[in-house]
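Colleague: Could you walk me through how to read pockets, cores and buried residues in a model like this?
Modeller: Gladly, let's look at it together.

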Amino acid sequence: MKLPASGNCLPYPLDNEVFESECLLYIGRGDCYALATMEWLGLNHMHIYMACLYDMIPADKMGKSFGYMNPSHVSPSRVENALKTRITRTQAIANRLAKARPSQFIFIPYNPSAH
């Protein structure tokens, strides 16, 4: 696979259905290295992992029985931002749950330490 002209990252679009909001990720060389060495697993890794899980879950006649919350909408980027962004993050959770089908489980990954 050849990297784009910037040479630093590959764009990875996620379907609207995964998080109920469109998302375009950029997978950088650092992300690949961190994954290969298991040194660090960040938001990009979580996004892609959840997108792969979503693709593997079979749908019934009413759709998928599981859904996902975008982890970047719930986990604070830094510990000092946790209190400042609490209302915004709470509203994002409420919005995602409102889009869920009845009896659908929504996985909400949360990293309280923002590491």
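Modeller: Bear in mind that this is a predicted model. Let's start with the second largest pocket, where α3 supplies the largest share of the lining, five residues.

Colleague: Which elements give two or more residues to that lining?

Modeller: Those are α2 (29-37) and α3. The residues that line the pocket are I27, D31, C32, L35, L41, N44, H45, M46, I48 and Y49. Its volume is about 160 Å³.

Colleague: How does the lining of the second largest pocket divide by class?

Modeller: Seven of its residues are nonpolar, two are polar and one is charged.

Colleague: Now the interior. Which residues make up the largest nonpolar core?

Modeller: A nonpolar core joins buried nonpolar residues through side-chain atoms within 4.5 Å. Here the largest one has eleven: L14, V18, F19, C23, L25, I27, M50, A51, Y54, I57 and Y68. Two or more of them come from each of α1 (16-19), β2 (23-28) and α3 (43-56). Another core, of five residues, lies apart from it, with M69, V74, A92 and A100 among them.

Colleague: And what is A51 in contact with, leaving aside its neighbours within four places in sequence?

Modeller: With L14 and V18.

Colleague: Is N70 buried or exposed?

Modeller: The cut-off for buried is under 20% relative accessible area. N70 counts as buried because its value is 4%. It sits in the loop between β5 (66-68) and α4 (86-99).

Colleague: What does the side chain of N70 pair with in a polar contact?

Modeller: With the side chain of H47, at 2.7 Å. Beyond four places in sequence, N70 is in contact with F19, C23 and H47.

Technical notes
Residues numbered from 1 in each chain as written. Predicted model: local features only at pLDDT ≥ 70, side-chain atom pairs only at ≥ 80, totals over all residues. Heavy atoms only, no water. Helix = DSSP H or I, 4+ residues; strand = E, 2+ residues; numbered from the N terminus. Buried < 20%, exposed > 50% of the residue type's maximum accessible area, 1.4 Å probe, protein only. Polar contact = N/O pair within 3.5 Å; in protein donor to acceptor, adjacent residues only side chain to side chain. Contact = heavy atoms within 4.5 Å. 1 Å grid on protein atoms, 1.4 Å probe; cavity = no way out; pocket = protein on both sides within 12 Å on 5 of 7 lines; lining within 4 Å. Points joined across faces, edges and corners; volume = space filled by probe spheres on them. Nonpolar A, V, L, I, M, F, W, Y, C, P; charged D, E, K, R; others polar.
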